Amino acid sequence: MNEKKYTVAIAGATGAVGEKMREILFQRNFPVSQVRYMASSRSMGRKLPWGDEQVEVEDLAQADFKGVDIALFSAGGSRSQKYAPRAVADGAIVIDNSSAFRMDEGVPLIVPEINGGEIKRHKGIIANPNCSTIQMVMALKPIYEYAGIKRVVVTTFQSVSGSGMNAIKELELQSKNVLEGTPEKSEVFPYPIAFECIPQIPNSDAFGENGYTSEEMKLLNETRKIMGDDKIAVTMTTVRVPVFISHCESVNVETEKDITPEKAREILDSFPGVKVQDDPSKEIYPLARKAAGKDEVFVGRIRKDESVQYGLNMWVVSDNIRKGAALNAIQIAEYMATNNLV
Ligand code: A2P
């Protein structure tokens, strides 16, 4: 990284992802000269930590971004639509965690280990992919390079933290209510999520005309954009499960060429950011709670798909708030700092 220090703004600093952005930015010693926190007017004046200091939260609607080098946005798509262009006009580079700009032609969609080189073609906004997509493409990329990929069949088991702080609180409260026999109330999810699996993400306006949810379509469209290959076939079902942190994915890959499970383990484990946990004889495989708080994408249960000529099954687990959101965004900022792109 060069000697420069940066003014960094976090829009959505009070949220589940914003909180991790604050922590990770500090922990990884990103060269910050000043940090600014922004959220809704409800949070204006609240103080949140930056190391040992306290920083006052500004109202995003009123804030100007003059002097901000990097603005990390995680305050929801409609806020990104509204305020990210203003941040860019004020001279900031926006790294946006929402889906607002991901599929726009001029907006690079980045997982640094895979396509960091694309960052430089940005016009002010760089998009952070969807959490489920990030961990899946991290596990697909080494296989793609080695054996080519024809088709992916993925089913996700997604934790509630993907829907933010209120969703975390809802699972906590509902679990308690169900166990105590008190009627449970559902505000965030369409049905109570405690002790349930809900095959619908997001929580409202989910379904398109083809019957797939918007979360499902992200897994197809974003994977193709990040991998730079419009021919990869992806079919998917996304499910919300009563887990607080980490998404799990059952990923079936049909490859162009042969790849043994042993080879897959070897190339996955040597891919930056991926760790193989795969020893069935000792009941070792990735778990959501073990992955929570970690930076890596964990892959296990790697085995041959015997129903096709060349194919593999695997189980992919990662902390959706870290690599799936906050960490990936900060790695984009680090890539820019290291390569003099900011
Ligand atoms: P606030 O805490 O003031 O509502 P989460 O995904 O955990 O629900 O977090 C959402 C983030 O987006 C929070 O930081 C939240 O701030 C912020 N946010 C929500 N609505 C607005 C808004 N209208 N303007 C600015 N920030 C908002």
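# Exercises on a predicted model

Helix H2 (residues 77–89) lies across strand S5 (70–73), strand S6 (93–96) and S7, and runs at about 180° to S5. Helix H9 (residues 322–338) also packs on the sheet, where it touches strand S1 (6–11), S5, S6 and S7. The direction of H9 makes about 150° with that of S6. Keep in mind that this model is predicted.

## Exercise 1: the open sheet

Find the order of the seven strands in the open sheet, and say which strands stand at the edges.

Solution.
- Step 1. Read across the sheet: the order is S3-S4-S2-S1-S5-S6-S7. The pairing is mixed.
- Step 2. Look at the ends. Strand S3 (47–50) and S7 each have a single partner strand, so one side of each is left without a neighbour in the sheet. These two strands stand at the edges.
- Step 3. Add the twist. From one strand to the next, it averages 30°.
- Step 4. Check one pair inside this order. Strand S2 (residues 32–39) and strand S4 (residues 53–59) are parallel and share three bridges. Ala39 stands opposite Asp59 in S4.

## Exercise 2: the ligand

Which residues come nearest to the ligand, and how much of its area does the protein bury?

Solution.
- Step 1. List the neighbours. There are 15 residues around the ligand, and Thr14, Ala16, Ser40, Arg42 and Ser43 come nearest.
- Step 2. Take the side chains. A polar side-chain atom of Ser43 is 2.4 Å from an oxygen atom of the ligand. For a polar side-chain atom of Thr14, the distance to a ligand oxygen atom is 2.5 Å.
- Step 3. Turn to the backbone. Gly15 places a backbone N or O atom 3.1 Å from an oxygen atom of the ligand.
- Step 4. Work out the cover. Alone, the ligand exposes 570 Å², and the protein buries 73% of that.

## Exercise 3: strand S13

Decide why strand S13 (residues 311–318) counts as largely enclosed, and name strands that pair with it.

Solution.
- Step 1. Count the buried residues. In S13, seven of the eight residues are buried, so the rest of the structure largely encloses this strand.
- Step 2. Take strand S10 (residues 247–255). Eight bridges join S10 to S13, and the two run antiparallel. Ser250 has Trp315 in S13 as its bridge partner.
- Step 3. Take strand S12 (residues 297–304). S12 pairs with S13 in the antiparallel sense over six bridges. Here Phe298 stands opposite Val317.
- Step 4. Trace the chain between them. Six residues form the hairpin that joins S12 to S13.

## Exercise 4: two residues

Is Lys120 buried or exposed? Is Asn328 buried or exposed?

Solution.
- Step 1. Locate Lys120. This residue is in the loop between helix H3 (112–115) and strand S7 (125–127).
- Step 2. Apply the cut-off. Exposed means over 50% relative accessible area. Lys120 has 60% relative accessibility, so Lys120 is exposed.
- Step 3. Compare sequence with space. Lys120 and Val8 are 112 residues apart in sequence, and their C-alpha atoms are 19 Å apart.
- Step 4. Locate Asn328. This residue is in helix H9.
- Step 5. Apply the other cut-off. Buried means under 20%. Asn328 has a relative accessible area of 0%, so Asn328 is buried.
- Step 6. See what surrounds Asn328. Leaving out residues up to four places away in sequence, Asn328 touches several residues, among them Val111, Pro112, Asn128 and Ile134. Ile110 is another contact. The backbone oxygen of Ile110 lies 2.9 Å from a polar side-chain atom of Asn328.

Note on methods. Residues are numbered from 1 along each chain as its sequence is written. This is a predicted model: local features need pLDDT of at least 70, side-chain atom pairs count only at pLDDT 80 or more; totals for chains, interfaces and linings use all residues. Side-chain values use heavy atoms; hydrogens and water are left out. Helices (H or I, at least four residues) and strands (E, at least two) are DSSP runs, numbered from the N terminus. Buried means under 20% relative accessible area, exposed over 50%, partly exposed in between (1.4 Å probe, protein chains only). Two strands pair if DSSP finds at least two bridges between them. Axes are lines fitted to C-alpha atoms, for helices over the stretch in contact, and angles run from 0 to 180 degrees between N-to-C directions. Contact means heavy atoms within 4.5 Å. A residue is near a molecule or strand if one of its heavy atoms lies within 4 Å of it. A polar contact is a pair of N or O atoms within 3.5 Å; within protein, one must be able to donate a hydrogen and the other to accept it, and residues adjacent in sequence count only if both atoms are side-chain atoms. Accessible areas come from the Shrake-Rupley method with a 1.4 Å probe; for residues, only the protein chains shown count as cover.
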